[in-house]
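This report introduces a structure to someone who has not seen it before. Please look through the sequence and the model first, and then read the sections in order.

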Amino acid sequence: MKEKEKGTSGLLTRRGALVAGAVAVGGVLVARRFPKILPPTCGNVLRAGDSFTYGMQKALLSDRALVKEYRPEDLTSFPATGTTDPGANPKEKELSESYRRLRDAAFADWRLPVGGRVAKPREFSLAELKQFPSRTQITRHSCEEGWSAIGQWTGVPLSALLDAVGVLPSARFVLFTAYDGWIDSIDMLDARHPQTILAYGMNGRDLPIPHGAPIRLRVERQMGYKSMKFLRSVTVTDKFEDGGEKGNIQLGWAWYTGI
Amino acid sequence: MAEGPDQAGSPGGEGHARWVRLSHGIITLSVLILAFSGFEILMVHPRLYWGKAGNDLTPALLELPISRNYKHGGYDKPVPLTERASGPVSANRTYDIFNENGWGRSLHFLAAWFLLLPGLLYLLLGLLGGHFRSHIWPRVRDLAPRQIWGDLVAHLRLRIPAASGGPRYGLLQKCAYSFVIFVAAPLMVATGLTMSPAVTAVFPFLLDFFGGIQSARTIHFFTSAVLLLFVIVHVVMVVRSGFRRQIRAMTVGR
């Protein structure tokens, strides 16, 4: 009986050591790639969960993997949700007025300031953005509500724009504002991702107003609401910044939506 | 032979091993929160589809009357989205939908970590320690049609023998646990991850395997319904086979 107990405890130790070893090795590998800067939780346990998911996805998944691209025959109908015309948005009077003026002049006077932690901040007109080498991709838009739609997007890779203004080495995030009052940011890995584009074309035509004219963002590895419509400005930042009271986190939504 | 909990997770019919009780507790709590938040998420878009994409402007496989969003129809007139008049369309949504996904989604994923991490540890320990081999996995020679039929009839007549409060398990019991541990739970995790754009960027075969994000979502829903059925039957069996003893065996382990 004594010998059996000894044998059992030996097995237990070996199994315990195996499990502890596997967990420790996994933990070290994850910790090495876990992001150093996490979004603030504002004391909310759900936001802490979002941050954990963000860290784990960054630690475990490849930075550069491309999302699946579809064929032209895969295009589907596409609902326009949220703000469908900032020119008729009673919640944002000043922005609505400016958007109306731009829209009525076919966006000829629209300018996109790109600034913040960059060497040469400047503004881009729609024509100037179209002079950059373009990228066209047929991708799936996945809405947090549960639906999805496939569209073809043509635009400038954000990384080309960032190169043109010279991002400073300390920069970590890119913050966007929009004419519908939306403010949100993405990290530099998503900003530099080859499929992250500022789209001016949809399904081979100019981007329609309900889908974000004149320019919308496409962040293909996250949920649809990160692909902001009606872009107004781009700001590169060192610290985490998502618009404070007008940003997702304080409004009660996940900042990172890779899941 | 009287002895303490053995390394296979069985204290010889006298309650469950500590690691079994602990993972059962965490996973039970996680599954309850997953079911609650999952239902909220489904309420926001109570339409299911099959294939790569699906939305209010495409036909549904199934529509569930579980929130005010059910067949709300709040859209402007559709306009073509390509040069082809019969091609895809766009329409502006005018209806103010029910949407509590701000907390619903985050709670779902937070709870999912408490399923995934203890679940993986449970699988590791169950495989290494022999718990699955000795107690969970049905023996091939027991899987004779006559035995299955006999056990089934006994269950349907609610002739449930008083439990010993831990393994050994009956034949149907083993089959049910094996199905949940090795089929349903992994399927829930896999179809859930197939809905993550960051995960499928790295593992696109998930989309191909399940036939698209919307097929994965539909399988996720039906599997959750099967798991709910399991939970109901499981609780009925616990009550019928000696509630106090069973609860003691799975909590304090005696």
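How many bridges join strand 3 of chain B to strand 4 of chain B, and do these strands run parallel or antiparallel? Two bridges join them, and the strands run antiparallel. The model that shows this pairing is predicted.

## A sheet built from both chains

Strand 3 and strand 4 of chain B belong to an open sheet of three strands, in the order 1(A)-4(B)-3(B). The pairing in this sheet is mixed. Between strand 3 and strand 4 of chain B, Pro80(B) has Val89(B) as its bridge partner. On the other pairing, strand 1 of chain A is joined by three bridges to strand 4 of chain B, which covers residues 89–92, and these two strands run parallel. Here Phe78(A) is placed opposite Ser90(B).

The edges of the sheet are strand 1 of chain A and strand 3 of chain B (79–80), each of which pairs on one side only.

## The contact between the chains

How many residues does each chain bring to the contact? Chain A gives 49 residues and chain B gives 46 residues. On the side of chain A that touches chain B, at least two residues come from each of helix 1 (2–33), helix 2 (45–60), strand 1 (78–80), strand 4 (135–142) and strand 5 (148–157) of chain A. By class, the residues on this side of chain A are 22 nonpolar, 18 polar and nine charged.

Helix 2 of chain A also meets helix 2 of chain B: their axes come within 9 Å and cross at roughly 60°. Helix 2 of chain A is therefore oblique to helix 2 of chain B. The crossing of these two helices is left-handed. From helix 2 of chain A the contact takes Leu46(A), Gly49(A), Asp50(A), Phe52(A) and Thr53(A). From helix 2 of chain B it takes Trp103(B), Ser106(B), Leu107(B), Phe109(B), Leu110(B) and Trp113(B). Sorted by class, the residues of this contact are seven nonpolar, three polar and one charged.

## Chain B

Chain B contains nine helices and four strands. In sequence order its pattern is α-β-β-β-β-α-α-α-α-α-α-α-α. The C-alpha trace of chain B spans about 80 × 40 × 35 Å along its principal axes.

Within chain B, helix 1 (residues 18–44) packs with helix 2 (residues 101–129) at an angle of about 150°, and their axes are 8 Å apart. Because of that angle, helix 1 of chain B is roughly antiparallel to helix 2 of chain B. Helix 1 of chain B passes helix 2 of chain B in a left-handed crossing. The contact of these two helices has 17 nonpolar, eight polar and two charged residues. Helix 2 of chain B thus appears in two of the contacts described here, with helix 1 of chain B and with helix 2 of chain A.

## A sheet within chain A

In which order do the five strands of the open sheet in chain A stand? The order is 3-2-11-6-7, and the pairing is mixed. Strand 3 (122–125) and strand 7 (183–187) of chain A are at the edges; each has a single partner strand, so one side of each has no neighbour in the sheet. From one strand to the next, the twist averages 20°.

Strand 11 of chain A (residues 231–237) is joined by three bridges to strand 2 of chain A (residues 111–116), and the two run parallel. Bridge partners in this pairing include Val114(A) with Val234(A) and Gly115(A) with Thr235(A). Strand 11 of chain A is also joined by six bridges to strand 6 of chain A (residues 173–178), and these strands run antiparallel. In that pairing Val174(A) stands opposite Val236(A).

## Confidence in chain A

For chain A the mean pLDDT is 94, and 95% of its residues reach 70 or more. Which residues of chain A have a pLDDT below 50? They include residues 1–8 of chain A, a stretch that has two contacts in the model beyond near neighbours in sequence. Predicted coordinates should not be read in detail where pLDDT is low.

Note on methods:
Residues are numbered from 1 along each chain as its sequence is written. Chains are lettered from A and ligands numbered from 1 in the order in which they are written. This is a predicted model: local features need pLDDT of at least 70, side-chain atom pairs count only at pLDDT 80 or more; totals for chains, interfaces and linings use all residues. Two residues are in contact if their C-beta atoms, placed from the backbone, lie within 7 Å. Ala, Val, Leu, Ile, Met, Phe, Trp, Tyr, Cys and Pro count as nonpolar, Asp, Glu, Lys and Arg as charged, and the others, Gly among them, as polar. Two strands pair if DSSP finds at least two bridges between them. Axes are lines fitted to C-alpha atoms, for helices over the stretch in contact, and angles run from 0 to 180 degrees between N-to-C directions. Angles under 35 degrees count as roughly parallel, over 145 as roughly antiparallel, 65 to 115 as roughly perpendicular and the rest as oblique. A crossing is left-handed if the near helix is turned anticlockwise from the far one by less than a right angle, and right-handed if clockwise. pLDDT is the predictor's confidence in each residue, from 0 to 100.
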